[in-house]
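Me: Please go through the helix packing, the nonpolar core and the unusual backbone angles of this chain.

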Amino acid sequence: MKATEKALNYVSRGMKTECQVRKYLEGKGCDEREIDEAVTNLKEYRFIDDFSYCREYFIAGFQKKRGEARIRRELSQKGIDRCAADEVLCALREDGLVPDESDQALEVARAVITSYSDGELEELDFKEKQKLRGKIARRLASRGFSQDVAYRTAKELIR
């Protein structure tokens, strides 16, 4: 099977970055010339489009209540460079598709509070509130929210 056919089969299962396709073809034993040719063909027919991939990945990440930092890190692992991610994020902001990070953090934090204490904060003592604040901050950090947003949100909700 030719490299282009292998690559088409791979991208038919879902959007992929150029880097992912290259790694896949390398793993299938294709040489560099075949890989370059396959990638060129796929780009020509827009089966590979890192800008579109990045845009869709950001939108999906925001829908999953993930912060920009986590989405950027995941895109980097998929071979999207920082400049491309910045360009896409800027375009999404211009289109009004980037949600307010503080609002998203509040939603995530409220879910943590509900699961921790059934939403009854008044019944918690000082030590339990501190523990809950830390839990919220860690959850937000793991979701890719900045440390500033994470701690400010935890402090705002747990007084």
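The questions and answers below cover these topics in turn.

This is a predicted model, in which local features need pLDDT of at least 70, side-chain atom pairs count only at pLDDT 80 or more, and totals for chains, interfaces and linings use all residues. Residues are numbered from 1 along each chain as its sequence is written, and side-chain values use heavy atoms, with hydrogens and water left out.

Me: At what angle do helix α4 and helix α5 pack?
Reply: Helices are DSSP runs (H or I, at least four residues), numbered from the N terminus. Axes are lines fitted to C-alpha atoms over the stretch in contact, and angles run from 0 to 180 degrees between N-to-C directions. For α4 (residues 50-63) and α5 (residues 68-77), the axes are 10 Å apart and the angle is about 140°.

Me: How is the packing of α4 on α5 classed?
Reply: Angles under 35 degrees count as roughly parallel, over 145 as roughly antiparallel, 65 to 115 as roughly perpendicular and the rest as oblique. The angle here is about 140°. That makes α4, relative to α5, oblique.

Me: Which residues of α5 meet α4?
Reply: Contact means heavy atoms within 4.5 Å. From α4 come Tyr53, Cys54, Tyr57, Phe58, Gly61 and Phe62. Their partners in α5 are Glu68, Ile71, Arg72, Glu74 and Leu75.

Me: Which helix gives the largest share of the largest nonpolar core?
Reply: Such a core is a set of buried Ala, Val, Leu, Ile, Met, Phe, Trp, Tyr and Cys residues (under 20% relative accessible area, 1.4 Å probe, protein chains only) joined through side-chain atoms within 4.5 Å. This one has 18 residues, of which Ile113, Leu132, Ile136, Leu140 and Ile158 touch the most other members. Two or more residues come from each of α7 (101-117), α8 (126-142) and α9 (147-157). The largest share, six residues, is from α7.

Me: Which residues of α9 are in the contact with α8?
Reply: The axes of α8 and α9 come within 8 Å and cross at roughly 145°. On the α8 side are Arg133, Ile136, Ala137, Leu140 and Ala141. The α9 side consists of Ala150, Tyr151, Thr153, Ala154 and Lys155.

Me: Is Arg46, with its positive phi, buried or exposed?
Reply: Arg46 is not a glycine, yet has a phi of about 60°. Its place is in the loop between α3 (32-44) and α4. With a relative accessible area of 59% (the cut-off is over 50%), Arg46 is exposed.
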